[in-house]
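Biologist: Could you take me through this structure and explain the terms as we go? I would like to hear the reasoning behind each label.

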Amino acid sequence: MSYKISLIPGDGIGPEVTNAMVKVVEATGIGFDWDVVEAGEKVMAKEKTPLPEYVLDSIKKNKVAIKGPITTPIGSGFRSVNVALRQILDLYASIRPARSIAGEGTLYNDIDVVVVREATEGLYSGIEHWIGREKYGAETVNLITRPASERIVKFAFEYAIKEKRKKITAVHKANIMKYTGGLFQEVAQTISKQYPQIYFEERLVDNMAMQLVKKPSAYDVIVTTNLFGDILSDLCAGLAGGLGIAPGAIIGEKYALFEPVHGSAPKYAGQNMVNPVATILSGEMMLNYLGERKAANAIWTSVYETIKEKRYVTYDLALPEYTQKPVLPSTTSQMADEIARKVKEKAAIM
Ligand code: NAD
């Protein structure tokens with residue numbers, strides 16, 4: 001059997017990191033039939049849109065997609081492909097795990113936290129307007145609805161059970177935003193009662209930011225609204241080793257899309273030098289989603305070992321604060337080859 005997956009290579013460094021991901025994911029021995037569809041800057045001239053219909057058709061048909069980053073053209077009048085994909089496919093749950101792997105150079109080496117972020121509403125609903133004459137002021141609506149809050153909180157609890165996690169922390173600002181924050185808080189409290197096996201707690205977002213910086217290992221799964229989740233997931237990624245190793249997934253009722261947290265880093269495009277791990281671990285998340293847990297674990301362990309050994313690491317992990325002794329940076333493909341070699345060895349005895 002092979003899985004049919006939509007593969008969107010993306011812009012800038014996207015093709016390099018998605019090639020690396022394909023190499024590693026295929027090293028598990030699992031069959032994949034990649035439906036490669038292009039979106040973003042590179043198709044703009046020909047298709048007159050960065051998100052052609054055939055990309056959406058492919059994802060709707062295959063249900064699962066993995067993508068590289070896509071450049072958002074500034075001032076072109078087109079909305080971001082990423083935002084459009086979320087809205088059109090109703091991808092409402094953004095999942096960003098942050099696990100320490102980069103070793104002694106990171107601030108902490110015991111982080112294992114997942115931020116589950118509501119991705120369709122809140123302050124990112126896109127409801128904005130000017131107030132008064134000559135743009136005296138501006139207003140952005142923080143839309144929080146009961147159904148969207150219920151489905152993200154339920155999603156977080158179900159995710160915690162599936163991933164054998166123990167604790168959920170709901171993050172809000174209900175003391176100040178009494179209606180929007182209060183609604184999210186009330187929903188989280190009510191739904192938590194349906195899951196007595198998972199420990200439930202709450203934090204105000206400002207306190208949460210401070211607690212994460214002080215003791216991130218105390219947190220397991222965080223569920224929160226759009227803007228808070230965006231900020232806290234970047235904070236966790238930074239604590240756990242940075243953009244080069246931060247994977248992500250965005251899941252809806254019907255479709256699932258996996259992608260690294262980082263962008264298309266245009267200045268590094270075509271140089272075979274950026275870290276492929278964020279995209280490789282997005283592939284690992286995809287395998288977990290597909291139920292291929294052993295294969296996903298082989299990828300995770302191989303990435304972990306490769307980074308710990310520090311022999312084949314890209315420039316961002318070859319910095320003195322990570323290595324403590326000089327290390328010649330590897331290329332994207334050398335690092336991916338080493339991870340794939342380790343995965344193959346593990347797959348042979350799976
Ligand atoms: P970026 O993440 O592309 O790059 C910022 C910096 O982070 C880089 O200069 C580099 O130093 C580092 N970096 C990023 N990825 C790395 C990797 N794999 N290995 C090592 N270092 C890495 O952010 P940006 O420059 O703000 O955005 C560039 C473009 O990407 C913009 O058009 C933006 O809209 C887009 N973007 C797309 C996505 C997405 O498609 N999901 C996400 C974020 C940004």
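What follows is a conversation about the ligand, the core and some single residues.

Modeller: Happy to! First, this is a predicted model, in which local features need pLDDT of at least 70 and side-chain atom pairs count only at pLDDT 80 or more, while totals for chains, interfaces and linings use all residues. Residues are numbered from 1 along each chain as its sequence is written, and side-chain values use heavy atoms, with hydrogens and water left out.

Biologist: Which residues around the ligand come nearest?

Modeller: Ile 70, Thr 72, Gly 263, Ala 265 and Asn 275 come nearest among the 20 residues around the ligand. A residue is near a molecule if one of its heavy atoms lies within 4 Å of it.

Biologist: How do you know how the shell around the ligand divides into nonpolar, polar and charged residues?

Modeller: By residue type: Ala, Val, Leu, Ile, Met, Phe, Trp, Tyr, Cys and Pro count as nonpolar, Asp, Glu, Lys and Arg as charged, and the others, Gly among them, as polar. The shell then has 9 nonpolar, 7 polar and 4 charged residues.

Biologist: What makes the pair between Ile 70 and the ligand a polar contact?

Modeller: A polar contact is a pair of N or O atoms within 3.5 Å; within protein, one must be able to donate a hydrogen and the other to accept it, and residues adjacent in sequence count only if both atoms are side-chain atoms. A polar backbone atom of Ile 70 is 2.7 Å from an oxygen atom of the ligand, so the pair falls within the cut-off. For Lys 67, a polar side-chain atom lies 3.3 Å from a ligand oxygen atom, and for His 262, a polar side-chain atom lies 3.3 Å from a ligand nitrogen atom. The ligand has 810 Å² of accessible area on its own, and the protein covers 69% of it. Such areas come from the Shrake-Rupley method with a 1.4 Å probe; for residues, only the protein chains shown count as cover.

Biologist: Why is Glu 259 called buried?

Modeller: Buried means under 20% relative accessible area, exposed over 50%, and partly exposed in between (1.4 Å probe, protein chains only). Glu 259 has 13% relative accessibility, so it counts as buried. Glu 259 lies in strand β12, and its side chain makes a polar contact of 2.6 Å with the side chain of Lys 67. Helices (H or I, at least four residues) and strands (E, at least two) are DSSP runs, numbered from the N terminus.

Biologist: What makes a set of residues a nonpolar core?

Modeller: Such a core is a set of buried Ala, Val, Leu, Ile, Met, Phe, Trp, Tyr and Cys residues joined through side-chain atoms within 4.5 Å. The largest one here has 67 residues, and those with the most contacts inside it are Phe 32, Trp 34, Ile 168, Phe 258, Val 277 and Val 303. Helix α5 (residues 146-162) gives the most to this core, with 7 residues. At least three residues come from each of domain 1 (1-106 + 241-350) and domain 2 (109-240), with bounds from an automatic or database domain assignment.

Biologist: How do you know that Val 277 is buried?

Modeller: Val 277 has 0% relative accessibility, which is under the cut-off, so it counts as buried. Its place is in helix α9, and its C-alpha atom is separated by 8.7 Å from that of Met 335, 58 residues apart along the chain.

Biologist: Why is Lys 63 called partly exposed?

Modeller: Because its 40% relative accessibility lies between the two cut-offs. Lys 63 sits in the loop between α3 (53-62) and β3 (64-67), and has a positive phi of about 75 degrees although it is not a glycine. Most residues other than glycine have a negative phi.

Biologist: And what makes Asn 272 partly exposed?

Modeller: The same rule: at 28% relative accessibility, Asn 272 falls in between, so it counts as partly exposed. Asn 272 lies in the loop between β12 (256-260) and α9 (277-289), with a positive phi near 55 degrees.
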